[in-house]
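Work through these short exercises with the coordinates open. Each solution goes step by step.

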Amino acid sequence: MKYDLLNVYCDGGSRGNPGPAAAGVVFTTPKGEVIASYNLFLGEKTNNFAEYSAVLLALDKLGENPAKKYDFYLDSELVTKQLNGQYRVKHADMKELFERVQIELKDVNASFTHVLRAKNKLADEQVNICLDEQDLGWGAGNK
């Protein structure tokens with residue numbers, strides 16, 4: 001099924017900075033129905049690396065969740081402002097990730113909005129599920 005619009009909640013986090021890191025993504029309809037959830041363990045990375053990795057994970061999953069438009073929601077104000085062209089990307093590692101996002105967005109109708117952490121709980125849960133599974137040696141999972 002192809003949707004007119006999907007909301008894409010993205011979050012990345014590390015336990016320590018740097019530390020064990022993960023990306024979490026949740027696709028929902030505008031009414032809040034969860035369509036798909038994903039998470040990915042990233043190894044020892046920084047929070048900002050994890051935030052960008054969440055966006056890249058979401059972009060990788062667009063084909064499984066087709067829509068005419070995607071509204072991305074992130075609780076990282078820095079990454080949101082960088083993706084919207086309001087802030088420059090200075091750090092070399094972040095520049096590489098930023099450029100990868102730009103390439104993936106080439107033919108995608110997408111917007112990026114900063115939200116408070118409380119509005120990004122679904123994606124945050126995916127990050128914590130993934131990190132908790134790593135702590136227990138279970139491996140990362142997708143739903």
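A disulfide is a pair of cysteine sulfur atoms within 2.5 Å. The model used here is predicted.

**Exercise 1.** Find how many disulfides the structure holds.

*Solution.*
- Start at C10. The closest cysteine sulfur to its own is in C130, 15 Å away.
- The cut-off is 2.5 Å, so 15 Å is too far for a bond.
- Now start at C130. Its closest cysteine sulfur is that of C10, again at 15 Å and too far for a bond.
- Check burial. C10 is buried at 0% relative accessibility. C130 is buried too, at 0%.
- Result: zero disulfides.

**Exercise 2.** Classify the aromatic pair of F27 and Y38, and place both residues in the fold.

*Solution.*
- Count the aromatic pairs: there are three.
- Take F27 and Y38, one of these pairs. Their centres are 6.1 Å apart, and the planes meet at 90°.
- Pairing needs centres within 6.5 Å, and planes over 60 degrees apart count as edge-to-face. The pair is therefore edge-to-face.
- Locate the partners. F27 is in strand β2 (residues 19-28) and Y38 in strand β3 (residues 34-45). They are eleven residues apart, and the pair links distant parts of the chain.
- Test exposure. F27 has a relative accessible area of 0%, so F27 is buried. Y38 is buried as well, at 6%.

**Exercise 3.** Which residue's ring lies under the charged end of K45?

*Solution.*
- The ring belongs to F49.
- The charged end of K45 sits over that ring, 4.7 Å from its centre.

**Exercise 4.** Identify the peptide bond between N17 and P18, and locate P18.

*Solution.*
- Omega is about 10°, and the bond is cis.
- P18 lies in the loop between β1 (3-14) and β2.

Definitions and conventions:
Residues numbered from 1 in each chain as written. Predicted model: local features only at pLDDT ≥ 70, side-chain atom pairs only at ≥ 80, totals over all residues. Heavy atoms only, no water. Phe/Tyr/Trp six-rings, centres within 6.5 Å; stacked < 30°, edge-to-face > 60°. Helix = DSSP H or I, 4+ residues; strand = E, 2+ residues; numbered from the N terminus. Buried < 20%, exposed > 50% of the residue type's maximum accessible area, 1.4 Å probe, protein only. Lys NZ or Arg CZ within 6 Å of the ring centre and 35° of its normal.
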